[in-house]
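Please look through the model below before reading on. The explanation moves from a sheet to an interface.

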Amino acid sequence: MKSSSTQGVGARLARKEDDRYLRGQGEFVGDIHRPGMLEVAFARSPVAHARIVSIEKPAGAEDRVFTMEDLRGVQPIRAISGLPGFKPSDLWPLAKDKVRHVGEPVAMCVAATRAEAEDLAAQVFVDYEELPAVVDMVQARTAPSALVHEHWGDNVFLETLYDDDLSAAKASAPIQIRRHIRTARQSMAPMEGRGVLCEWNTRLGQLEMYSSAQMPHINRAGLSECLGLDQGAIRVIAPDVGGGFGYKGILLSEEICLGWLARNLHKPVRWLEDRREQLVASTNCREHDYDITVYAERDGKLIGIDCDATVDSGAYSLYPFSACLEAAQVGSILPGPYKMDHYRCHTWSACTNKPPILPYRGVARTGVCFALELMLDAVAREANIEPFEVRLRNLVQPHEMPFDNITKKHFDSGDYPESVRQAISAINLPAWREKQKAGLPDGRRIGIGLSVYCEQGAHGTSVYAGWGIPMVPGHEQCFARLSPDGVFEVRIGAQSHGQSLETTLAQVANEILGVDPQNVRVIHGDTGLTPYSTGTWGSRCMVMSGGAVATASKEIAVRVKKIAGKIMEVAEQDLVLEHGAVRVAGTDRSMTLAEVAHIWYRKPQLLPADVDPAGLEVTAGYKTLRDSGTFSYACHALVIALDTALGHSEILDYVIVEDGGTLVNPMVVDGQIYGGTAQGIGTALYEEMPYDSEGQPLASTLADYMLPGPTEVPEPRIVHMSTPSPYTEFGQKGIGEGGAIAPPAAIINAINDALAPLGAELTTSPASPRRVLAAIEAARLRQAA
Amino acid sequence: MAVNKKPVSFQVNGRTIQATLEPRLHLADFLRDHEHLTGTHIGCEHGVCGACTLEIDGVPARACLTYTVSCEGAEVRTIEGLEHDPVMVQLRAAFTSEHALQCGYCTPGMLVTARDIVLRLPDADEARIRKELSGNLCRCTGYVGIVHAIQKVQQQRKVTT
Ligand code: FES
Ligand code: FES
């Protein structure tokens with residue numbers, strides 16, 4: 001790999017996409033207007049579980065209010081999984097017969113303004129026959145108060161089992177620790193909500209849909225299935241998208257409703273999710289429950305893990321990731337980069353009367369990292385050694401790479417113990433241990449915590465074929481064209497909504513073709529303009545779209561040299577591509593890319609006889625050398641000050657030692673890590689979507705659902721290691737999610753470190769002041785008894 | 001629902017607006033849907049996220065908490081109206097060099113608040129900057145680049161003045 005250039009792979013290039021946003025000229029769905037456009041609001045269920053007895057439309061507005069009965073021919077969303085025993089759910093875009101969570105759309109109301117549409121929605125009268133709500137995920141499967149989908153006979157989408165015999169460990173392991181660990185339900189809360197604008201184009205016989213979406217080609221596939229239109233009759237455009245994090249990787253009921261409406265009304269229609277809708281009605285994430293036992297030797301060496309894990313998947317299986325990805329993933333990724341001889345894990349994807357879940361940044365990794373890393377700290381306390389020692393004793397060693405762990409996850413490269421050593425040194429553990437003895441002058445206790453995670457990114461066909469969900473990634477494609485003016489246009493099917501692909505893919509093109517990134521036009525997020533792709537998810541774009549752009553650029557390079565060689569009368573192998581030109585190596589003779597392109601388009605009489613007739617356009621496909629994924633990883637280490645009177649924690653220092661392989665743009669990578677870590681801090685300390693026993697959501701504004709702000713988030717210190725992936729184009733690895741994985745484990749380990757002298761321990765996230773105080777009080781009562 | 005509309009007259013980016021509007025129409029919706037000034041974003045409509053921050057009579061304000069009909073006689077300035085403002089020119093450059101934005105959704109509101117911090121508190125340290133910024137939420141950046149960008153412009157203005 002070469003990385004000498006100042007604009008290619010490895011450069012901290014400033015972002016090309018910034019300018020429009022900085023002038024308030026970004027174009028998000030809510031910014032798009034169409035003449036005659038109508039606005040949509042939904043009447044949504046106020047109850048968690050009920051049979052619909054009747055729906056009454058407001059008198060005089062019957063033609064502006066639509067129920068499922070009106071949406072003739074529309075099919076329900078059915079997101080299956082091929083895993084044996086999976087029970088599919090039918091999600092009707094508007095509820096039919098039954099509602100299964102608060103906020104489920106029941107009727108679609110259309111008017112000139114959103115306010116008037118909401119007025120209509122308020123007048124829709126629905127007679128609900130209420131049923132008991134299924135709220136707790138463990139009770140949902142062990143002692144159900146009702147059945148969410150009656151014909152299933154239980155409330156479980158899917159059960160999976162990694163079986164093993166742990167009886168020997170049970171009989172003889174000197175350290176045996178069992179804990180009940182929980183993570184709260186969360187809302188992903190991108191700053192822009194979802195939004196959909198649909199218009200029927202009669203000339204093309206095509207539905208045009210603008211949607212705030214991460215995977216427009218997948219939305220098109222799903223829409224086609226539900227609306228009964230062929231895929232060519234649908235164009236999905238994801239314009240500027242204000243953050244995703246998994247929240248916008250979904251086929252929406254609202255998209256189907258508006259698609260149907262635009263086609264039937266022959267008018268443009270728009271729906272913009274408001275924050276309240278997002279919080280009380282839309283998808284959530286991350287609610288895990290672990291009953292976990294770890295067996296270890298006296299020195300902290302792991303013998304085995306035994307775990308029962310439940311994930312609250314909510315009421316329906318969502319397209320395309322399905323209701324079981326999260327829990328089944330728990331089973332396969334819990335051991336992570338740690339070595340052990342025994343592993344048993346039983347998982348349940350529980351069905352409850354709450355909104356369905358989607359995979360949020362890190363997917364199940366944040367939960368399993370939390371569960372396992374809390375347990376490793378408990379092992380350290382029991383073995384009376386430093387927590388980092390337990391990591392060093394159990395992590396895969398660099399000479400064992402590539403490494404297949406106990407669940408057959410294939411770790412491509414890396415030096416995990418080194419990341420721990422560097423983190424411990426950067427945080428200066430001995431100095432803090434010294435200060436910890438006395439505590440802070442203001443009486444607060446000091447806690448030091450760490451966690452290690454790995455992030456599987458860009459995993460492909462073999463991994464997803466096993467899940468059997470509606471979407472399996474194959475080759476990633478790039479359509480590339482050198483235009484007559486020398487501008488290099490690359491089109492990719494993924495979507496960039498903060499990932500900076502308009503810049504980083506231009507760097508890739510520069511690396512191969514020498515073209516100035518300012519002369520690279522990256523087109524993305526539009527099914528009408530780009531090759532098929534499963535889209536932006538799973539930390540895959542820099543590896544997959546980056547690889548595709550590199551492959552297409554190489555092919556264009558060959559064709560450019562062919563033409564330039566003929567014109568300059570030199571052998572093609574004597575030509576080099578740099579600074580936007582083709583140069584004869586070792587001379588100052590050159591032609592610009594624009595001059596070469598000019599000949600292809602405008603002076604074909606000058607072309608060599610054996611020129612490639614496909615010209616300066618290619619569609620190239622790319623796959624990594626192995627599709628089991630790249631593994632980036634990091635060790636997060638931090639220090640907190642804990643106020644045991646108020647339960648409040650403050651982060652005093654935060655260090656991240658990260659290995660993302662080759663960094664295409666280190667500035668962008670740091671940005672992803674900072675942003676991910678901020679979200680992880682939210683998960684650790686603030687964010688929680690609580691439900692009462694009736695299935696009513698208790699956080700309906702951003703004052704109840706607390707997102708971390710500038711005063712809650714520190715500036716972490718980032719240290720980079722670089723072990724290039726052996727399987728990708730430049731050695732790059734997916735890193736977009738990692739920041740959000742480690743913080744809950746590291747922070748709550750730090751809190752537990754501070755609480756240890758009190759005999760208190762926290763096993764639930766977020767570590768709200770109330771939970772911290774409850775843990776202290778429980779320890780006090782235990783000791784008193 | 002029949003609603004009594006009310007007349008209102010005020011300035012937006014130096015232009016006089018005269019309109020008769022439903023009292024419930026908030027300023028962000030008015031600017032976006034009636035004036036097609038879509039740089040003022042909406043993130044919560046309950047005054048928490050700061051995406052809708054703009055200037056009313058020279059002071060940062062929440063457009064989502066402001067009824068348009070209450071703006072009689074006011075001077076409203078949106079991100080579009082700050083295009084050529086010299087501080088905004090500096091802030092835009094600093095936001096790019098410090099990677100202070102990813103998806104760009106919080107950015108217009110952040111910039112309006114950042115400009116206010118730079119002008120009102122030229123000596124604010126990092127802790128103060130973060131406190132002043134705490135009415136604006138960003139889900140992407142972790143605030144690191146935003147704080148750096150504000151500090152950078154503070155520095156630049158010290159050197160030039
Ligand atoms: S939209 Fe006004 S503060 Fe959030
Ligand atoms: S840049 Fe996306 S919310 Fe701030």
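What follows treats a sheet in chain A and then the contact between chain A and chain B.

This is a predicted model, and a convenient place to enter it is an open sheet of 7 strands in chain A, whose order is β3-β5-β1-β12-β9-β10-β11 and whose pairing is mixed. The edges of this sheet are formed by β3 (65-66) and β11 (234-237) of chain A, each of which pairs on one side only. Within the sheet, β9 (residues 195-201) and β12 (residues 269-272) of chain A run antiparallel to each other over 4 bridges, and A:V196 stands opposite A:W271 of β12(A). Helix α6 (residues 253-265) of chain A packs on the sheet, where it touches β1 (38-44), β3, β5 (105-111), β9, β10 (206-211) and β12, and its direction makes about 30 degrees with that of β9(A).

The second part of the picture is the interface. Chain A contributes 54 residues to the contact and chain B contributes 46 residues, while the two chains bury about 4,000 Å² between them, with 58% of that area on carbon and sulfur atoms. On the side of chain A, the residues that lose the most area to chain B are A:L22, A:M191 and A:P710, which together account for 20% of what that side buries.

Polar interactions also cross this interface: 21 residue pairs are in polar contact, counting pairs with both residues at pLDDT 80 or more, and there are 5 salt bridges between the chains. In one salt bridge, A:D31 is joined to B:R32, with the closest N and O atoms 2.9 Å apart. Helices α1 (18-22), α2 (114-123) and α17 (666-686) of chain A each supply at least two residues of the side that touches chain B, and the largest share, 8 residues, comes from α17(A). By class, that side of chain A has 24 nonpolar, 18 polar and 12 charged residues.

How values were computed. Residues numbered from 1 in each chain as written. Chains lettered and ligands numbered in written order. Predicted model: local features only at pLDDT ≥ 70, side-chain atom pairs only at ≥ 80, totals over all residues. Heavy atoms only, no water. Pairing = 2+ DSSP bridges. Contact = heavy atoms within 4.5 Å. Axes fitted to C-alpha atoms, helices over the stretch in contact; angles between N-to-C directions. Buried area = accessible area lost by both parts, 1.4 Å probe. Salt bridge = Lys/Arg side-chain N within 4 Å of Asp/Glu carboxyl O. Polar contact = N/O pair within 3.5 Å; in protein donor to acceptor, adjacent residues only side chain to side chain. Nonpolar A, V, L, I, M, F, W, Y, C, P; charged D, E, K, R; others polar.
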